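This report goes through strand pairing, annotated positions, the nonpolar core and the chain contact in turn.

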Amino acid sequence: MTNITDLGIAALRDGVAKGEFTATEVATAFNAAVEAAQPALNAFIVTTPEKALEAAARVDADRAAGKPLGTMAGVPIGMKDLFATKGTQTTAASKILEGFTPQYESTVSSKLWDAGAGMLGKLNLDQFAMGSSNETSAFGNVISPWRRPNDTAPLAPGGSSGGSSAAVAARIAPAATGTDTGGSIRQPAALTGISGIKPTYGRCSRWGVVAFASSLDQAGAMAHDVTDCAIMLEAMAGFDPKDSTSLNLPVPEWTAGLSADMRGKKVGIPREYRLDGMDPDVARSWDDGIAWLKDAGAEIVEISLPHTKYALPTYYIIAPAEASSNLARYDGVRYGLRDLPDGAGLQDMYAATRAAGFGPEVKRRIMIGTYVLSAGFYDAYYTQAQKVRTLIARDFTNAFMDVDVILVPTAPSSAFALGEKSADPLEMYLNDVFSVPASLAGLPAMSVPAGLDRNGLPLGLQVIGKAFDEQGVLNASLALEERAQFSARPEKWW
Amino acid sequence: MSVDTATVAKIASLARIKVTEADLNAMVPELNGILAWVEQLGEVDVTGIEPMTAVIPNHQRLRDDVVNADPLTGGDIRDAVLANAPAPEHGFFGVPKVIE
């Protein structure tokens, strides 16, 4: 008999629809897996087994009544704790929001519940989604289910969607939501051997998502494979009048449009991504990807994205600038933590609350953002960065006149150990070197597992597409997936 | 451009984050490291380049100018608005006294 927790979205949904198992059996199996793994992996900040069971009971009742079932019916998922969930604590992994209980539901999560999904719990993440290893969470590190051979050193699940990636890789959730500001879906997906897609900026509503950098933040899907990501993203996406940058476009039928046939397609390989001193396994996996897409019928074209090297420094001006503005709302007045020292006035209360509530990385970014926006420095830093951002986006526009998609590695290395990079902020930032450019240009991009490196750890390949062309991204990713035949799983130790 | 302790103290004050002397001393080299790194953007020729304002072309929408156009973000939900306030008083957000 199939182990239910080994199944992904499509298999669970179809199994429930056919009556092979009930949605309640599915929810029960995943609830048990979550509970068993929680002490070791710490993937969740809160678990909500009752929510998973309630949603499952509704699906089972609908099926019994012969009602039509949604595209995610009977699939319990993990919800990144950046999405506001009505009645369930939402923290962004920060002490400043501990105990915050939203009175409303984010658009993305409510669309998923409408499609029949249930909630296993709220997933851990880097605090305010600022980090690449999940080490900045105020609720403890997430431990990757992956380990190096004969080594019990805890590895990073990537970040900021580290709870999401760990949960899906450990098969304690069949899928999870993520958000991606500079790589926070793709990098953790790559480090844990799962698939993750960030759609075009504006596809998924930001309403009810705790804001980090509003011109970059995009929600997306993290799941076992490309098909599951397509199903889930279709359920999440769509126009929302409550988000001023939401795209007023119909959601394409990505799942129905999936095709791994790359004949007639051109794949761009940007020479600027081949960095000096590139990890040889990452370089080899990139070459594998090129060969696979060629095998799928694509024509490979070398391209140039000349401003690539400026993407990271541009990002580390724009994202902190927007964060410093967005996070001004945490002041101890309307929600969240309040620290009111004896005899303190209003200004002292703000400063004490924010000092006590924000973690070091969040403070660092607020400080950088405040500085680059301050009088006298605004033009030199912020305006200059926005101009360079225009050039980075233009590089992609020019490249896409010649090619349909771009293939690059997702991350510069496989998973690193906890503590290995957290001492030096700049070293951690470099983890996003391959993912940030597409974010700055607002483009859809996806990471799929490509194989294992010399340490037996997963590596990801990234497909970047034209704006609005999630289909092209999903299809090239499917062509990679079919040829990579990635089946490695972390050995269960938790 | 590099920052010194006084500048970092000024930034912290603008950002409304209380910092100790030890925090300041730790932050100065960290911020200088990051600022020195982002300064490489200065070498990019941006003559005639407009700063980006919208990453994906879109137009600003206006909602209908009516009360409670959206029940979720409209009025008459005082208790929900105050539900997470650390110190609500008499249907308002409570704050320390600001007027003597």
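Lys198(A) stands opposite Ala445(A) in strand S10(A). The strand that holds Lys198(A) is S5 (residues 195-198) of chain A, and it pairs with S10 (residues 445-452) in the antiparallel sense over three bridges. Strands here are DSSP runs of type E with at least two residues, helices are runs of type H or I with at least four, and both are numbered from the N terminus. Two strands pair if DSSP finds at least two bridges between them. S5(A) is also joined to strand S6 (residues 218-223) of chain A, again antiparallel and through three bridges. In that pairing Ile197(A) stands opposite Ala221(A). Ser195(A) and Ile197(A) point one way from S5(A), Gly196(A) and Lys198(A) point the other way, and all are buried. Buried means that 20 or more other C-beta atoms lie within 10 Å of the residue's own, exposed means 12 or fewer, and partly exposed is in between, with C-beta atoms placed from the backbone.

The model is predicted: local features need pLDDT of at least 70, side-chain atom pairs count only at pLDDT 80 or more, and totals for chains, interfaces and linings use all residues. Residues are numbered from 1 along each chain as its sequence is written, while chains are lettered from A and ligands numbered from 1 in the order in which they are written.

An unreviewed UniProt entry carries the annotation "active site" for Lys80(A), Ser160(A) and Ser184(A). These residues span 105 residues in sequence, yet no two of their C-alpha atoms are more than 11.3 Å apart, so they gather at one spot. UniProt positions follow the numbering used here, feature names are shortened, and annotations may be inferred rather than shown by experiment.

Two of the annotated residues and His307(A) are placed as follows.

| Residue | Location in chain A | C-beta atoms within 10 Å |
|---|---|---|
| Ser160(A) | loop between strand S3 (118-123) and helix H5 (162-169) | 35 other C-beta atoms, buried |
| Ser184(A) | loop between strand S4 (175-180) and helix H6 (186-192) | 36 other C-beta atoms, buried |
| His307(A) | loop between strand S8 (299-303) and H9 | 22 C-beta neighbours, buried |

Contact means that the C-beta atoms of two residues, placed from the backbone, lie within 7 Å. Leaving aside neighbours within four places in sequence, Ser160(A) is in contact with Ser184(A), and its other partners include Leu125(A), Asp126(A) and Asn134(A). With the same exclusion, the partners of Ser184(A) include Ala129(A), Gly159(A) and Gly178(A). His307(A) touches Val388(A), Leu391(A), Ile392(A) and Asp395(A), not counting residues up to four places away in sequence. The C-alpha atoms of His307(A) and Phe396(A) are separated by 9.8 Å, with their positions 89 residues apart along the chain.

A nonpolar core is a set of buried Ala, Val, Leu, Ile, Met, Phe, Trp, Tyr and Cys residues joined through C-beta atoms within 7 Å. The largest one has 176 residues, and those with the most contacts inside it are Ile77(A), Ala175(A), Met232(A), Met236(A) and Leu293(A). Helix H9 (residues 311-326) of chain A gives the largest share of this core, nine residues. Among the residues that Leu293(A) touches, beyond four places in sequence, are Met262(A), Val267(A) and Leu407(A).

Between the chains, 43 residues of chain B are in contact with 58 residues of chain A. On the chain B side, helices H1 (5-14) and H2 (21-38) are the elements that give two or more residues. H2(B) gives the most, with seven.
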